[in-house]
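Subject: Handing over the structure

Dear colleague,

I am passing this structure on to you, and below it I have set out what was found in it. Please read the notes with the structure open beside them.

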Amino acid sequence: MGFGFPPGALRARTGGNHPVHVPILDLKLAYDELAAEFDAAYRRVMASGRYLLGPELEAFEQEYAASVGAAHCVGVANGLEALQLALLARGIGPGDEVIVPANGYIATWMAVSRVGATPVPCEPVAATHNLDPARAVPLITARTKAILPIHLYGQTADMAALRTLAADRGLWVLEDGAQSHGATCHGRASGSLGDAAGISFYPSKNLGAFADAGAVTTSDPALADRVRLLRNYGSKERYRHEVIGLNSRLDELSAAFLRVRLRHLPEWNRRRAAQAARYQERLRGVGDLVLPHVPDWAEPVWHLFVVRTARRDALQAHLTAQGIGTQIHYPIPPHLSGAYRAAGWKRGDFPLAEQVAAEVLSLPIGPQHTAEQIDAVGAAVRGFFAGG
Ligand SMILES: Cc1ncc(COP(=O)(O)O)c(C=O)c1O
């Protein structure tokens, strides 16, 4: 994926009249930093003759499960199918309802739709952008089977409240952990906060492969077993197919690369946290800017640094003109997207989600960004609100 700037442009040039170039992300630099380890992993796998369902995947599954404090991890092809397989394994399907965030990435909704169940949108807590447990209560019906919160932008949803709600109503909790590798809630890691979690290792994630990849984590052995079966044509033994499954396997090369990245995840998350703190310090009280709010029970991993302003589009244009990359996560709430047109949602149905979509802007953040770059972005944002 291209992010609009060549790798050479990464270094912020703040002196003289030079424009500042800060990409929102540059994945090549992640490779560069650990090239020797990635290259060794590549050679090891290529020389092994095993490319699917081999020792690298087994080792990664054990290492990742241990890192989140779950008993099991099952590698799959991507984050969407991780969620889909977890729902399938739980037996959720046509006639069932699953409560999902009204704001966020559409994959979460699609996973529910792809198993034939109905996504029921729930508005977020305004301060955190995460699914609001209080607003979920009136959405629960006799058909509700599960709650599927996203830990959006790298900060966990209020899992203590959601677990209590789910326990009271006999609901299953599936975490969407695509953006929260290493994040904690009351000290417990994302991936072990619900009954199961669907994880994405899409290249730009905090823990990303160099291709599509994903996993399901859970401490429920029967569920893990079922996902393992479903990811491989419903088969545990070659040519014996017990159920109709998918082909959704995490390949050996990706697993080997992920093992390298996993070893560096805590350090890379620390760098993100330092950058987030730098932004918080430099952008506090600037214009109408709303900075990310972190409840005292949450330790986010800053997958994205998302600010809000009523002047979002103008701010984005100002930053683009200065060579600063930004993105909008996400510009169209799922209920207004073409994919859900048939459901008949209209503008105004989820006003908070719609307001979030109109006001959010993601600033550059990532383990390979420099403090100088973060400061340059901070200065450009302040310049915009100062009228410069
Ligand atoms: C919140 C969320 N859920 C699910 C996914 C789906 O993951 P994937 O792209 O690996 O299918 C993503 C990312 O792409 C995501 O950000």
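One definition is needed at the start: Ala, Val, Leu, Ile, Met, Phe, Trp, Tyr, Cys and Pro are counted as nonpolar, Asp, Glu, Lys and Arg as charged, and the others, with Gly among them, as polar. Please also keep in mind that this is a predicted model.

With those classes in hand, the second largest pocket has a lining of six nonpolar, three polar and six charged residues. This pocket holds about 450 Å³ of space, and of its 15 lining residues Leu53, Asn232, Ser235, Arg238 and Arg249 lie nearest its centre. Helix 8 and strand 10 each supply at least two residues of that lining, and it is strand 10 that gives the most, with three residues.

The largest pocket contains about 650 Å³ of space, and the residues closest to its centre, out of the 32 that line it, are Tyr105, Tyr202, Ser204, Lys205 and Tyr330. Its lining divides into 19 nonpolar, nine polar and four charged residues, with helix 4 and helix 5 each contributing at least two residues.

Turning to enclosed space, the structure has two cavities of 30 Å³ or more. The largest cavity holds about 120 Å³, and among the 16 residues that line it, Leu25, Leu27, Ala30, Pro367 and Gln368 are the closest to its centre. Helix 1 (27–33) and helix 9 (252–283) each provide at least two residues of this lining, which by class consists of eight nonpolar, four polar and four charged residues. The second largest cavity has a volume of about 50 Å³, and its lining has eight nonpolar and three polar residues but no charged ones. Among the residues that line this second cavity are Asn103, Gly104, His329 and Tyr330.

Tyr330 deserves a further look, as the peptide bond that leads to it from histidine 329 is cis, with omega near 10°. Tyrosine 330 sits in the loop between helix 10 (312–321) and helix 11 (351–359), and, as noted above, it is also one of the residues closest to the centre of the largest pocket.

Next comes the packing of the interior. The largest nonpolar core has 29 residues, of which Leu87, Ile92, Val98, Leu148, Trp172 and Leu174 touch the most other members. Several elements each supply at least two residues of this core, including strand 1 (72–76), helix 4 (79–90), strand 2 (97–101) and helix 5 (107–114), and helix 4 gives the most, with six residues. If its neighbours within four places in sequence are left aside, isoleucine 92 is in contact with Leu87, Val98, Val115, Ala117, Lys145, Ala146 and Trp172. There is also a second, separate core of 24 residues, which includes Ala276, Tyr279, Leu361 and Ile365.

Strand 2 is mostly covered, with five of its five residues buried, and it runs parallel to strand 3 (residues 118–122), to which five bridges join it. Within this pair, valine 98 stands opposite proline 119 of strand 3. In helix 5, the buried residues are Ala107, Thr108, Trp109, Ala111 and Val112, and they pack against helix 4, strand 2, strand 3 and strand 5. After helix 5 comes glycine 116, which has a positive phi, near 90°.

Elsewhere, three strands form an open sheet with the order 7-6-12 and antiparallel pairing, in which strand 7 (188–189) and strand 12 (298–299) are the edge strands, each pairing on one side only. Strand 6 (residues 184–185) is joined to strand 7 by two bridges, and cysteine 185 stands opposite arginine 188 of strand 7.

Finally, two residues other than glycine have a positive phi, and their surroundings are worth setting side by side. Tyrosine 239, with a phi of about 70°, lies in the loop between strand 10 (235–237) and strand 11 (240–241), and it is exposed, at a relative accessible area of 69%. Tryptophan 302, with a phi near 50°, is in the loop between strand 12 and strand 13 (305–308), and at 9% relative accessibility it counts as buried, because the cut-off for buried is under 20%.

With best wishes

Notes
Residues numbered from 1 in each chain as written. Predicted model: local features only at pLDDT ≥ 70, side-chain atom pairs only at ≥ 80, totals over all residues. Heavy atoms only, no water. 1 Å grid on protein atoms, 1.4 Å probe; cavity = no way out; pocket = protein on both sides within 12 Å on 5 of 7 lines; lining within 4 Å. Points joined across faces, edges and corners; volume = space filled by probe spheres on them. Helix = DSSP H or I, 4+ residues; strand = E, 2+ residues; numbered from the N terminus. Core = buried A, V, L, I, M, F, W, Y, C linked by side-chain atoms within 4.5 Å. Buried < 20%, exposed > 50% of the residue type's maximum accessible area, 1.4 Å probe, protein only. Contact = heavy atoms within 4.5 Å. Pairing = 2+ DSSP bridges.
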